[in-house]
Amino acid sequence: MSRVKVGINGYGTIGKRIADAIRLQPDIELVGVVKTKPDYASIVAKMNGINIYVPENYLKKFEEKGVNPSGTIEDLLSKIDIIIDATPGGTGVTYKQLYDKYNVKAVFQGGEKPEVADLSFNTLCNYEEALGKNSLRVVSCNTTALLRTLCTLKNISKIRKVRATIVRRAADPKEIKKGPINAIVPNPSTIPSHHALDVKTVLDVDIITMAVIVPTTLMHLHTVYVELESSVTRNDIEELFADTPRILLVDPSIGLKSTAELIELARDLGRKRNDIPELLVWQDSIETRGTEVMWMHAVHQESIVVPENIDAIRAVAQLAYKAEETIELTDKTLKILHGRLAS
Ligand code: NAD
């Protein structure tokens, strides 16, 4: 079977993780990645057998550092079917014309405005709608987390409204110039925060979010309140989340009381880069009162969107016609867990 050929533009936090995930897929081939700096990440990528492509005027800069590129970004685009754009937020749109010129389909990330792509995407919400599109935008880490739960909940009852607080990590671990380092900052101070608007690009629901930034790099944490049309029990929600791919229920009584312990869990599981692409719901935080449902979950911002990017490739290339098909393959190859964390 010939594999669909994919390139990645932007090899940072998200790009390098998608590159590794692609290399585990039987139906997708990573042709190369675009780098703009001849830094340690370029050297490590080369050591791992990943081909580097650069903007033409950067060729010399890379060669001087001993990183010999395989060609220019245009060379890469002429060899591939799909580009994953993982450049910094707002940069992807500047490449759109170039992607179109080379007739490659594009998967953008959540830092871009929704208009960049034909459809904002989450596998559990709108996989079938994404089939064969020219471009998709995988929504942000916070939005992906909210949508995994909301698109699951709407399978058991119509949702009347959602109110959520987003406790955001200040920076990713490698970022040395961002903060705060000793403050809690309401951000953005407008209500709803942009996360609610982003959810609405995929799911038509009454949602208001408020966000604060806290001095941590490990994970985000959300507290979520949902009002449904039908009454449910705590057990209904626990069973529903336990049955949903990419959602893992964690138990505070076995020492998983904080994001720090969740990251330690990822280390103990031998997860590469301590990644946790699953959404982690604290089992004991699930509460119901008739039609009201509440819970808390933790979001590993650096990795949660990786499986959705793999599914987005399958959707635009029409490699799988049903969400369940791509989820099964992605989750098996990436060893993604669901259910309850138990021995
Ligand atoms: P990053 O800064 O870690 O990586 C971006 C990479 O692109 C870097 O290697 C940078 O050198 C490179 N780059 C910069 N300008 C470029 C250009 N003009 N052309 C090609 N490459 C260029 O950023 P990131 O955190 O990986 O974010 C990428 C996208 O993913 C953004 O849209 C962001 O909003 C989204 N996202 C980020 C996270 C997260 O927590 N980091 C989570 C979900 C989604």
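This passage describes the domains of a predicted model and the surroundings of its ligand.

The domain assignment divides the protein chain into two parts. Domain 1 is made of two segments, 4–139 and 305–324, whereas domain 2 covers 141–304. Domain 2 thus falls, in numbering, between the two segments of domain 1. The C-alpha centres of domain 1 and domain 2 are separated by 26 Å. To the contact, domain 1 contributes 21 residues and domain 2 contributes 23 residues.

The ligand occupies the largest pocket. Around the ligand are 21 residues, of which Thr13, Ile14, Tyr95, Asp172 and Lys174 come nearest. Both domains take part in this shell, with at least three residues drawn from each of domain 1 and domain 2. Sorted by class, the shell comprises eleven polar, six nonpolar and four charged residues.

Oxygen atoms of the ligand pair with polar atoms of the protein at several positions, including Thr13, Ile14 and Arg169. At Thr13, a polar backbone atom lies 3.0 Å from an oxygen atom of the ligand. At Ile14, the partner is again a polar backbone atom, and the distance to a ligand oxygen atom is 2.9 Å. Arg169 takes part through its side chain, in which an N or O atom is 3.0 Å from an oxygen atom of the ligand. The ligand taken alone exposes 830 Å², and 81% of that area is buried by the protein.

How values were computed
Residues are numbered from 1 along each chain as its sequence is written. This is a predicted model: local features need pLDDT of at least 70, side-chain atom pairs count only at pLDDT 80 or more; totals for chains, interfaces and linings use all residues. Side-chain values use heavy atoms; hydrogens and water are left out. A residue is near a molecule or strand if one of its heavy atoms lies within 4 Å of it. A polar contact is a pair of N or O atoms within 3.5 Å; within protein, one must be able to donate a hydrogen and the other to accept it, and residues adjacent in sequence count only if both atoms are side-chain atoms. Accessible areas come from the Shrake-Rupley method with a 1.4 Å probe; for residues, only the protein chains shown count as cover. On a 1 Å grid over the protein atoms alone, a cavity is a set of points where a 1.4 Å probe fits but cannot get out, and a pocket is an open set with protein on both sides within 12 Å along at least five of seven lines; lining residues have an atom within 4 Å of a point. A molecule sits in a cavity or pocket if more than half of its atoms lie within 2 Å of its grid points. Ala, Val, Leu, Ile, Met, Phe, Trp, Tyr, Cys and Pro count as nonpolar, Asp, Glu, Lys and Arg as charged, and the others, Gly among them, as polar. Domain bounds come from an automatic or database domain assignment. Contact means heavy atoms within 4.5 Å.
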